[in-house]
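This report walks through the fold one element at a time. Please keep the structure open while reading.

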Amino acid sequence: MEIIVNTTADLSAAAQTLLNSFPTDRIFLLYGPMGAGKTTFTKYLCEQLGVKDSTSSPTFSIVNEYDSDNGPIYHFDFYRIKDEQEAFDFGYEEYFYSGAYCFIEWPEKIPNLLPEEAKEIQISILDAATRKISIR
């Protein structure tokens, strides 16, 4: 599945399409270069799931937890970890296997820890305002 997003306003519809297309999936891996919009897209996914609080990148905390109409949502950013041991140290398994939604930025930093059933979201920069979101 591919979705072209021309404006941030399109992100809400893209998030709804993704969630409707994968209604039973809970682990989503967000790939893309710095500045592609991984955190912004996660914000719209969270809004679609009923998060009322503001969302932000968990760059320094590694994980943020949000309350939603669908239970807890976990938002990870592994950009700053040095190795997979750091993910073990904070107990990633409790989050990934909790049945809650998990949105994971920079999953390439923990390749051996990712659940097989996770959906991959690749965000590509087409130009300054346009992104291609590919889901598999």
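## Helices on the sheet

Helix 1 lies across strand 1, strand 2 (27-31), strand 5 (101-105), strand 6 (119-125) and strand 7. Helix 1 runs at about 165° to strand 1. The model is predicted.

Helix 2 lies across strand 2, strand 3, strand 4, strand 5, strand 6 and strand 7. Its angle to strand 5 is about 170°.

## Sheet order and edges

The sheet is open and has seven strands. Their order is 1-7-6-2-5-4-3, with mixed pairing. Strand 1 (2-5) and strand 3 (63-66) each have a single partner strand, so one side of each is left without a neighbour in the sheet. From one strand to the next, the twist averages 20°.

At the strand 3 edge, the partner is strand 4 (residues 73-77), and the two pair in the antiparallel sense. Four bridges join them. E65 stands opposite Y74 of strand 4.

## Strand 2

Strand 2 is largely enclosed by the rest of the structure, because five of its five residues are buried. The cut-off for buried is under 20% relative accessible area. I27, L29 and Y31 point one way from the strand. F28 and L30 point the other way. In a regular strand, side chains alternate between the two faces of the sheet.

Two strands flank strand 2 in the sheet order, strand 6 and strand 5. Strand 2 pairs with strand 5 in the parallel sense, over four bridges. Here the bridge partner of I27 is C102. Strand 2 and strand 6 also run parallel, joined by four bridges. On that side, F28 has K119 as its bridge partner.

## The largest pocket

How much space lies in the largest pocket? The volume is about 190 Å³. The lining of this pocket has 14 residues, and those closest to its centre are T8, L11, A36, A129 and R131.

Which elements each supply at least two residues of the lining? They are helix 1 (8-21), helix 2 (38-48) and strand 7 (131-135). Both of these helices also lie across strand 7. By class, the lining has eight nonpolar, five polar and one charged residues.

## Recap

The picture is an open sheet of seven strands. Strand 1 and strand 3 stand at the edges, and the five residues of strand 2 are buried. Helix 1, helix 2 and strand 7 contribute to the lining of the largest pocket.

Key:
Residues are numbered from 1 along each chain as its sequence is written. This is a predicted model: local features need pLDDT of at least 70, side-chain atom pairs count only at pLDDT 80 or more; totals for chains, interfaces and linings use all residues. Side-chain values use heavy atoms; hydrogens and water are left out. On a 1 Å grid over the protein atoms alone, a cavity is a set of points where a 1.4 Å probe fits but cannot get out, and a pocket is an open set with protein on both sides within 12 Å along at least five of seven lines; lining residues have an atom within 4 Å of a point. Grid points are joined across faces, edges and corners, and a volume is the space filled by probe spheres set on the points. Ala, Val, Leu, Ile, Met, Phe, Trp, Tyr, Cys and Pro count as nonpolar, Asp, Glu, Lys and Arg as charged, and the others, Gly among them, as polar. Two strands pair if DSSP finds at least two bridges between them. Axes are lines fitted to C-alpha atoms, for helices over the stretch in contact, and angles run from 0 to 180 degrees between N-to-C directions. Contact means heavy atoms within 4.5 Å. Buried means under 20% relative accessible area, exposed over 50%, partly exposed in between (1.4 Å probe, protein chains only).
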